[in-house]
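Open the model in your viewer and keep the selection panel at hand. The stops below go one by one, each with something to select and something to look for.

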Amino acid sequence: MSNTVLRMEDLTMQFGGVVAVNNLSLEVNEGEIVALIGPNGAGKTTAFNCITGVYEPTNGQIFYRDEILVANYPQGKMKKLYAGENAGKYTKVVSRTPDQITRMGIARTFQNIRLFSSLTALENVLIAQHLHIRSNLFGATLLSQLSFVKSKARQEEEHMYQRARELLVEVGLEQYENEVSGSLPYGIQRRLEIARALATNPSLLLLDEPAAGMNPQETRALTDFIVEIKDRYKLSVFMIEHHMDLVMSISDRIYVLDFGKLIAHGTREEVQNNQRVIDAYLGVAEDA
Amino acid sequence: MKQKRYLLYSLVLAALLLAALIAIDNSSLKSSMLSTILQKGAIYALVAVSLNLLNGFTGLFSLGQAGFMLLGAYTYAILTIPVEARSSVYQYFNGGLVQFSLPVVVGLIAAGLVAAFFAFLIGLPVLRLKSDYLAIATLGFAEIIRALIQWNTLGPITNGSNILRKFPTYSSLLFPFAVSAVCIGLVVLMIRSSYGRAFKSIREDEIAAEAMGINLAKHKMMAFCTSSFFAGVGGAMLAMFQQSVQAKYFTSAMTYEILLIVVIGGIGSVTGSIISSFLFVACSEWWLRFLDAQHYIGGVKVPLLRSGFRMVVFSIVIMVIVLFYRRGIMGTNEFSWGAIEKFIKAPFGRKAREEERKKVTTPHE
Ligand SMILES: Nc1ncnc2c1ncn2[C@@H]1O[C@H](COP(=O)(O)OP(=O)(O)OP(=O)(O)O)[C@@H](O)[C@H]1O
Ligand SMILES: [Mg+2]
């Protein structure tokens, strides 16, 4: 078994004539923090959406560990529209829904926070544990709320609460347990969204601009937080981020995307000194 | 400590209600308007809660509640009419095809199951699509099922467009309350379980729910079938209450009534739906009846009051609610003793209120 957690091969995502992701190949290895950077509209979120089953890619394959996660090739009217050079290279179709992919161990956060905003912080985390439930609808309905009957369903429910509270403590959000998540401060919401993703018990965590809208101090705290959860939960992390101090301080490797195409990849130093990256992105990003 | 006190309050309230119901049941009030309102209110409360499970908790919009009630009512009636009464009920169809009769409780459960089964059939194709399609599909279903049941070819089973009667009904006012209480209790338990939380997450944000590993189609199906099950039971009870069933009364107007009850009570509040059911039934059957009759004050005819005016007033009330009180009576809150205590203390204890504000406010389920 290789230690590659995620491998993307020639991934192309085309919306009609717009090629949002163009022949992207990349890898995330066990225990790594890998960053995906690039200017606005480069196709970063689209790449995430292909991994998590929100979009079906037009062409290419994605492996998760040694299994094909997603695969597609241009068919129907996409056959004519497809502009890439890899036509005919792939012939397999594997398609999974986002919930199946999460179940396999890939969890994500969203660029525009998507908490269950009228529910409490605790409920948000509880919901993310639901995918592992063993009791069926009847058992959970009849027994999980009755504390005076010792049943499997009740034990499971108690365990979910216990685990959710533990998790909130572990990420330092215990004081917000019963607060409505939509009314929490912005930075806290971002952190809660990460906690919620952790509750699904992932081995690969995808973070879409986790530091968006944060001030430098919050960003520093988040940087430590990402490293901390990575170690504690034995994760591999794949993140999209614009804050260069965050990216440069913790990424093992960096991929740079521009207009859907990979323009560079390598270690921090390699990317930082790459002229194409400086021209396309870093020069601009410093003041962004 | 607080929990225990609230439990005590609840028990006392339940006991008082029970005592009041028993008193009404054993007095001349039993055949009064009050008794009618209470029975119909209890039945509507169940149907409203079942719709709220869908609209308020899962974020799905169904317009088929009357159709599922119709299925429940017919299933119950068809399965429970005593064998010896069948020849007179099915007089145009040689006593009908069904020649057995089930006990009341079995009939009620069957009513729910048949409704849930049809929901399953509708849900299979529709729940995979965007949520809006469910409203259209269920509305269509309700219309089709009403026509289908009156179809003469099905007469040996459904009695065509003729009335179904002579099925067992209840004698005590407590019956609809007991059935509704048990069913609503089950819905509440479901809402508070992990599955209920999953339903709510779908209401909040489908994309995020799916990203958290929740199988949307499966959970929507669960909510839809459960909702329809209880609508079916509610329909069966409505049949018992009216002592007869005829398909033509289960129109989309009935669905709108129930939808209205849910909106008035607060989308996402079970206690809101219950309170609003009784209020709604009382208004439409009783308190606003006077609007339909002509009145004279000192020999002068009061203008506007005439048959049908009640519905005009009703519509205005609805418009006001939808425009200005979109959250209904309860919003998404539930009745809680904590809130009641706060409300009672409010004028007296400013200090208490300030303390309350300092504490992290705990939203009630
Ligand atoms: N569903 C869609 N339909 C059509 N075009 C889309 C869709 N989703 C994304 N795009 C297009 O794909 C391109 C890449 O968008 P994407 O959101 O992936 O960029 P991004 O790199 O995440 O940018 P940002 O840094 O602003 O988040 C954009 O031009 C966008 O308009
Ligand atoms: Mg993006």
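Start with H3(B) and H11(B), whose crossing is right-handed. This is a predicted model. Select residues 65-80 of chain B for helix H3 and residues 216-242 of chain B for helix H11. Their axes come within 6 Å and cross at roughly 55°. That angle makes H3(B) oblique to H11(B).

Now show the side chains at this crossing. From H3(B), pick B:Gln65, B:Phe68, B:Met69, B:Gly72, B:Ala73 and B:Tyr76. On the H11(B) side they meet a set of residues including B:Phe224, B:Ser227, B:Ser228, B:Ala231 and B:Gly232. Further partners in H11(B) include B:Gly235, B:Ala236, B:Leu238, B:Ala239 and B:Met240. Colour by class: the contact of H3(B) with H11(B) has 10 nonpolar, six polar and no charged residues.

Keep H3(B) on screen and add helix H5, residues 104-126 of chain B. At what angle do H3(B) and H5(B) pack? The angle is about 140°, and the axes are 8 Å apart. H3(B) is therefore oblique to H5(B), since only angles over 145 degrees count as roughly antiparallel. The crossing of H3(B) and H5(B) is right-handed.

For this contact, select B:Phe68, B:Leu71, B:Gly72, B:Thr75, B:Tyr76, B:Leu79 and B:Thr80 in H3(B). Opposite them in H5(B), the contact residues include B:Val104, B:Gly107, B:Leu108, B:Ala110 and B:Ala111. Also among them are B:Val114, B:Ala115, B:Phe118, B:Ala119 and B:Ile122. By class, H3(B) with H5(B) gives 13 nonpolar, four polar and no charged residues.

Move to chain A and centre on the magnesium ion, ligand 2. Which protein atoms are its donors? They are OG1 of A:Thr45 and OE1 of A:Gln111, lying 1.9 to 2.1 Å from the ion. A:Thr45 sits in helix H1 (residues 44-51) of chain A. A:Gln111 sits in the loop between strand S6 (106-108) and helix H4 (121-129) of chain A. The pair therefore ties together parts that are 66 residues apart in sequence. A:Thr45 is partly exposed, at 25% relative accessibility. A:Gln111, at 29%, also counts as partly exposed.

Next, select A:Asn22 in strand S2 (residues 18-29) of chain A. Is A:Asn22 buried or exposed? It is buried, with a relative accessible area of 18%. Not counting residues up to four places away in sequence, A:Asn22 touches A:Leu11, A:Thr12, A:Gly260 and A:Lys261.

Then jump to A:Thr223 in helix H8 (residues 216-232) of chain A. A:Thr223 is buried, with a relative accessible area of 9%. Leaving aside neighbours within four places in sequence, its contacts are A:Leu246, A:Ser249 and A:Ile250. Draw a C-alpha distance from A:Thr223 to A:Ser249: the separation is 8.0 Å, for residues 26 apart along the chain.

Finish with two backbone details. A:Lys234 is in the loop between H8 and strand S8 (236-240) of chain A. Its phi is positive, about 50°, although it is not a glycine. A:Lys234 is exposed, at 63% relative accessible area.

A:Phe259 is in the loop between strand S9 (253-258) and strand S10 (261-266) of chain A. A:Phe259 has a positive phi of about 45° and is not a glycine either. A:Phe259 is exposed, with a relative accessible area of 68%.

How values were computed. Residues numbered from 1 in each chain as written. Chains lettered and ligands numbered in written order. Predicted model: local features only at pLDDT ≥ 70, side-chain atom pairs only at ≥ 80, totals over all residues. Heavy atoms only, no water. Donors = N, O, S within 2.8 Å, 3.2 Å for Na, K, Ca; no water. Helix = DSSP H or I, 4+ residues; strand = E, 2+ residues; numbered from the N terminus. Buried < 20%, exposed > 50% of the residue type's maximum accessible area, 1.4 Å probe, protein only. Axes fitted to C-alpha atoms, helices over the stretch in contact; angles between N-to-C directions. Parallel < 35°, antiparallel > 145°, perpendicular 65-115°, else oblique. Left-handed = near helix turned anticlockwise from the far one by under 90°. Contact = heavy atoms within 4.5 Å. Nonpolar A, V, L, I, M, F, W, Y, C, P; charged D, E, K, R; others polar.
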